[in-house]
Amino acid sequence: MADKRGKSSLKRFFTSRWGPIATGAVIGILAPLLVFWGNPGNMGICVACFERDIAGALGLHRAGVVQYIRPEIIGILLGAVVAGLLFREFKPKAGSAPLIRFILGFFAMVGALVFLGCPWRAYLRLAGGDLNALFGILGLIIGIGIGVAFLRGGFSLGRARPAPKAVGWVMPLIMVALLVLLLVAPLFGRDADGNPVGPIFFSETGPGSQYAFWAIALVVGLAIGFLAQRSRFCTVGAIRDVALMRDPHLLNGVIALIVFAFITNLILGQFHLGIADQPVAHTSQWWNVLGMVLAGFAFTLSGGCPGRHLIMSGEGNADSGLFVIGMITGAGFAHQFSAASSPAGPATFGPLAVGIGLVVCLVIGLTMRQKTA
Amino acid sequence: MTDNVLTVDCSGLSCPEPALAAKKALTSTKSGIVEVLVDSTTSRDNVLRAGKRACWAGEALERDEGGFRVVFRK
């Protein structure tokens, strides 16, 4: 009885206005701590970067400095599974334009990798004093604004339908498989030069070689996934809902994230105000803006930020699962086709990839519509 | 104002479509009662919040077939 009451007041707290604020605050504290414990600078958590690292670890791209199976991603998704099961919100569903969602995930990743971060990291970079992030956030707002215009005009990816339990368990089980691969790290041998031939690749230098101890990262991910599932925390919905509905419910969470990350960075001595020489960042502002225009546009058409898609995958939403797989695939392509930026600036084909992505998103925005009433 | 019930079926739609459709219906309808069908607690809460902002009193009822019926009265 007491347990039931406790669960119900917990339920109310997290769906109240305090839910996103508490979630943002917890992420704001834990993300800089992860940097303190070993993650790359201003990259306590970056859903895009970490999925890109996973793509690299699986050999989907060969950028040797960004290959690692990030336990945070596994934790966030599985934390949402736990919360979903506990609160009866694990409801497998599928069938809302799956292939379009894959493509949106693909190009959202391309845009994020031109900027060098997802919306979570854009806010975390700002909270670490990286002023280049302001350009990324500006681009994010523009991209979300374009998406909102399409939503107002009747854009819809159509209805998902309830699906068998097995459909909902695919993404959680893929995460379990990734965890096994992280811990076992199979290696089939080395080539003549002594380089590992895979199948799993872990960076020996660069951001991919910087990580907190896996169990800590996993537990932090689980906690964040649990809280974000309860509060529906979303870093794209935050801006979208203000533009579309004048509703600051989710935005409060993002503000809490920035404030708490800023304070935690100050305490840990990780706050460095400036533009030049920021960790895993470049100063090519046009492409910081345009990369995030593409990402924000694609995220908005897809219905949420990359973290939110991990959470929804954990609730059994297979369409979000495909969005996540689209992002991981996009990361592989972005690096293989020299479209992902580096601290030196945009790569050769980054601008072209952003252009293609924007055209694809515009076509999707113009052609996908469905009567809702 | 009439007592005709306007039903908006938002089941299976992803964010922010249910809340947006609810807002559109509530701000343009002449009906005294608007009911919005959704399939998730997230959409239920978002639709309730949208209704509150449009100054309608809303109440969510569980449906036998799963999901919720959010009923708004002016």
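A residue counts as buried if 20 or more other C-beta atoms lie within 10 Å of its own. By that criterion, helix α10 of chain A, residues 237–245, is largely enclosed by the rest of the structure, because seven of its nine residues are buried. The model described here is predicted, and the points below take up the enclosed helices of chain A, two helix pairs, the nonpolar core and the contact between chains A and B.

**Helix α10 of chain A**

- The buried positions of α10(A) are Gly237(A), Ala238(A), Ile239(A), Arg240(A), Asp241(A), Leu244(A) and Met245(A).
- The cover over these buried residues includes α7 (132–152), α11 (251–268), α12 (285–302) and α13 (306–314) of chain A, together with α1 and α2 of chain B.
- Arg246(A), which comes just after α10(A), takes a positive phi of about 55°.

**Helix α3 of chain A and its packing on α14**

- Helix α3 of chain A, residues 47–57, has eleven of its eleven residues buried, so this helix too is largely enclosed by the rest of the structure.
- Among the buried residues of α3(A) are the charged residues Glu51(A), Arg52(A) and Asp53(A), and Val47(A), Phe50(A) and Ile54(A) are also buried.
- The elements covering the buried residues of α3(A) include α4 (71–86), α5, α6 (119–127), α8 (165–184), α13 and α14 (318–336), which belong to chain A.
- The axes of α3(A) and α14(A) come within 8 Å and cross at roughly 70°, which means that α3(A) is roughly perpendicular to α14(A).
- The crossing of this pair, α3(A) and α14(A), is right-handed, and the contact is made by Ala48(A), Glu51(A), Arg52(A), Ile54(A) and Ala55(A) of α3(A) with Met327(A), Ile328(A), Ala331(A) and Gly332(A) of α14(A).
- Sorted by class, the contact of α3(A) with α14(A) has six nonpolar, one polar and two charged residues.
- After α3(A) comes Gly59(A), whose phi is positive, near 80°.

**The pair α2 and α9 of chain A**

- Helix α2 (residues 18–36) and helix α9 (residues 214–231) of chain A have axes that come within 9 Å and cross at roughly 165°; the two helices are therefore roughly antiparallel to each other.
- The crossing of α2(A) and α9(A) is left-handed, and the contributors to the contact include Val26(A), Ile27(A), Leu30(A) and Leu34(A) from α2(A), and Val220(A), Ile224(A), Leu227(A) and Arg230(A) from α9(A).
- By class, the contact of α2(A) with α9(A) has twelve nonpolar, three polar and one charged residues.

**The largest nonpolar core**

- The largest nonpolar core has 143 residues, and those with the most contacts inside it are Leu77(A), Met109(A), Val110(A), Leu113(A), Leu294(A) and Ala298(A).
- Helix α5 of chain A, residues 98–115, gives the most to this core, with 13 residues.
- Ala298(A) touches Leu104(A), Phe107(A), Ala108(A), Gly111(A) and Cys361(A), when residues up to four places away in sequence are not counted.

**Chain B and its contact with chain A**

- The contact between the chains takes 22 residues from chain B and 24 residues from chain A.
- On the side of chain B that touches chain A, the elements that give two or more residues are α1 (17–28) and α2 (41–53) of chain B.
- The residues on that side of chain B divide into ten nonpolar, seven polar and five charged.
- Val8(B) has its place in strand β1 of chain B, residues 2–9, and counts as buried because it has 20 C-beta neighbours inside 10 Å.
- Val8(B) and Val38(B) are 30 residues apart in sequence, and their C-alpha atoms are 9.0 Å apart in space.

Technical notes: Residues are numbered from 1 along each chain as its sequence is written. Chains are lettered from A and ligands numbered from 1 in the order in which they are written. This is a predicted model: local features need pLDDT of at least 70, side-chain atom pairs count only at pLDDT 80 or more; totals for chains, interfaces and linings use all residues. Two residues are in contact if their C-beta atoms, placed from the backbone, lie within 7 Å. Helices (H or I, at least four residues) and strands (E, at least two) are DSSP runs, numbered from the N terminus. Axes are lines fitted to C-alpha atoms, for helices over the stretch in contact, and angles run from 0 to 180 degrees between N-to-C directions. Angles under 35 degrees count as roughly parallel, over 145 as roughly antiparallel, 65 to 115 as roughly perpendicular and the rest as oblique. A crossing is left-handed if the near helix is turned anticlockwise from the far one by less than a right angle, and right-handed if clockwise. A residue is buried if 20 or more other C-beta atoms lie within 10 Å of its own, exposed if 12 or fewer, and partly exposed in between; C-beta atoms are placed from the backbone. A nonpolar core is a set of buried Ala, Val, Leu, Ile, Met, Phe, Trp, Tyr and Cys residues joined through C-beta atoms within 7 Å.
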